[in-house]
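I opened the model today and kept short notes. Each entry records what I looked up, in the order I did it.

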2 protein chains.
Amino acid sequence: MNAPLFEKLCIIGIGLIGSSIARGARQHNLAKTIAIADSSAEALKDAAALQLGDSFHAQAAEAARDADLIIICVPIGAYAEVGQAIAPHLKPGAILSDVGSVKQAVVRDLGPLLPDHVHFIPGHPVAGTEHSGPKSGFAELFAGRWQILTPLPGTDEGAVEKLAAFWRGLGSNVEVMEPSHHDQVLAITSHLPHLIAYTIVGTATGLEDSTQREVIKFSASGFRDFTRIAASNPIMWRDIFLNNREAVLEMLGRFSEDLTALQRAIRWGEGEKLEDWFTRTRAVRRSIIDAKQA
Amino acid sequence: MNAPLFEKLCIIGIGLIGSSIARGARQHNLAKTIAIADSSAEALKDAAALQLGDSFHAQAAEAARDADLIIICVPIGAYAEVGQAIAPHLKPGAILSDVGSVKQAVVRDLGPLLPDHVHFIPGHPVAGTEHSGPKSGFAELFAGRWQILTPLPGTDEGAVEKLAAFWRGLGSNVEVMEPSHHDQVLAITSHLPHLIAYTIVGTATGLEDSTQREVIKFSASGFRDFTRIAASNPIMWRDIFLNNREAVLEMLGRFSEDLTALQRAIRWGEGEKLEDWFTRTRAVRRSIIDAKQA
């Protein structure tokens, strides 16, 4: 067996993503020791019971001390607090990364807090489920999925490559991208779909009680898929929308225009327009199947 | 083995649903013979190659002759034509049903065309996939799913019970409902989710080429689920929206109001409002899992 890539891995936030990284890192021998921090005593207890790491800490700073790789896995709104807490304790040459679904805001909020002697390389694994918490993680979560890294200009290439090797070790395909481009692409592929799913499921809960019960009953007809998406972690998603505001509002504007056009076509009975649109979207599914992301 | 429920079953339209009925009816010995009609020579050829029935007809009237149960499985826009073609050939006492996702329009368009001596019992199996055509059907499609029947007042109860027994034979749970109530419930559980999925997938195709390629690449982050829904049969869905216009526009109005409220919360940074909404929707998922429809 090869020597682990990192001596000490520190995971701050042991939810779905953090615990999946811990499991994968252990399984693939990517770190010699794993230190886990979480502000929730319950999550920490669960993580310890599941033996996800070698040490468990209520204070992020303690866990981060001497670590070679620190990965922040908390909701984006808590980054500044975590950054302030750990900054004085980071080892020179350590790599600091994260898994947030927004990258410009992370660069903006976290970057200035960090000492120059650490390699700050924001990251985003394009993988997840609707479940939360340390028990919901699994080592294969990242297998065959994309890991996007958004290093700033001038970042040490060796450090980027080492972090990329870590993620490839977890089974990911690694892609390097500009933070702003990341935020735009994810706004349409992830943030807007989640917002829409949250909306429609909420709309259904506003219906009268008798109809609501039937919405649950007959959910298999399409609604069900939206409820799965709309079951994702509320705090994480609140922070995503607040921190990718501009790109989300831009994509939402485009979506609303298109929806209004289809609404008008329904009202005026313009069948051909509807059929054309629905035929075009079918081809997109084909492309996703061809790209093996289905 | 018990005697089949029906002597002769006629399926008009041998797509995903029609072919699944044919397979299920054969597997569970629900009909002695199965006559299949489709206006597409290719679909008919495929159905024959798959041995889905005992006879195959380009003319619906031919297949319907002497049938005890006729199920129309074509897009709703083609119902009037089918109704006119088969009406003179329907056997007294025959049961005529359908599988359309809209029920008021079916009652309105098909009802007046039928002779009084047949039992007209509209139906809707709440089941499906994004695939189309006779090859995509499978006998288990209806297992554990709902079959909604919307008989008109005064319909023979024995006929309703016999049709219900047929669907229970296919594995469905049968529910009887008013056509107008059906259309309202399905507007929110099925029609609106499909419209929204079609919209957002179309919105993505309107982005510049480089972004579009990445939408496919990173689709696993949420978008993918929408593309599956938006790959459903375009003609079937065109007809659903045109024929359930009022209920769809009503639900769309509610959805748009809610979406605008969330959009405003994002723009103004109202995190608490977002978190509250996202927490509420999570509970809906729980209900669906409890109702065993997940």
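**Entry 1: contacts along the chain.** I began with contacts in chain A whose separation is 6 or more. Residues 24 or more positions apart make up 75% of them. I note here that the model is predicted.

**Entry 2: burial.** I asked next what share of chain A counts as buried. The count gives 54% of the 294 residues.

**Entry 3: secondary structure and overall size.** I counted the elements of chain A. I found 12 helices and nine strands. I then checked the radius of gyration, which is 21 Å for chain A. The globule rule gives 19 Å for 294 residues, and the two values are close, so chain A is as compact as a globular protein of that length. I also took the box along the principal axes. The C-alpha atoms of chain A fill roughly 65 × 45 × 35 Å.

**Entry 4: domains.** Where do the domains of chain A begin and end? The assignment puts domain 1 at 6-177 and domain 2 at 181-290. I looked up the distance between their C-alpha centres, and it is 30 Å. I then turned to the contact between them. Domain 1 of chain A gives 14 residues to it, and domain 2 of chain A gives 16 residues. I sorted the domain 1 side by class. That side has six nonpolar residues, six polar residues and two charged residues.

**Entry 5: one residue, T260(A).** I picked T260(A) for a closer look. T260(A) sits in helix α11 of chain A, which covers residues 245-267. Is T260(A) buried, exposed or partly exposed? I find 13 C-beta neighbours inside 10 Å. Exposed would need 12 or fewer and buried 20 or more, so T260(A) counts as partly exposed. I also looked up T260(A) against A63(A). These two are 197 residues apart along the chain, and their C-alpha atoms are separated by 51 Å.

**Entry 6: the two copies.** Last, I superposed chain A on chain B. The fit has an RMSD of 0.0 Å, with a turn of 180° and a shift of 0.0 Å along the axis. That is the relation of a two-fold axis. Which residue of chain A comes closest to the rotation axis? I find D225(A), with its C-alpha at 3.5 Å. I then compared the contact residues of the two copies. Of those in chain A, 100% recur in chain B, so the same surface serves both copies.

Methods: Residues are numbered from 1 along each chain as its sequence is written. Chains are lettered from A and ligands numbered from 1 in the order in which they are written. This is a predicted model: local features need pLDDT of at least 70, side-chain atom pairs count only at pLDDT 80 or more; totals for chains, interfaces and linings use all residues. Domain bounds come from an automatic or database domain assignment. Two residues are in contact if their C-beta atoms, placed from the backbone, lie within 7 Å. Ala, Val, Leu, Ile, Met, Phe, Trp, Tyr, Cys and Pro count as nonpolar, Asp, Glu, Lys and Arg as charged, and the others, Gly among them, as polar. Helices (H or I, at least four residues) and strands (E, at least two) are DSSP runs, numbered from the N terminus. Copies are superposed by least squares on the C-alpha atoms of residues with pLDDT of at least 70 in both. The radius of gyration is taken over C-alpha atoms; the globule rule is 2.2 Å times the number of residues to the power 0.38.
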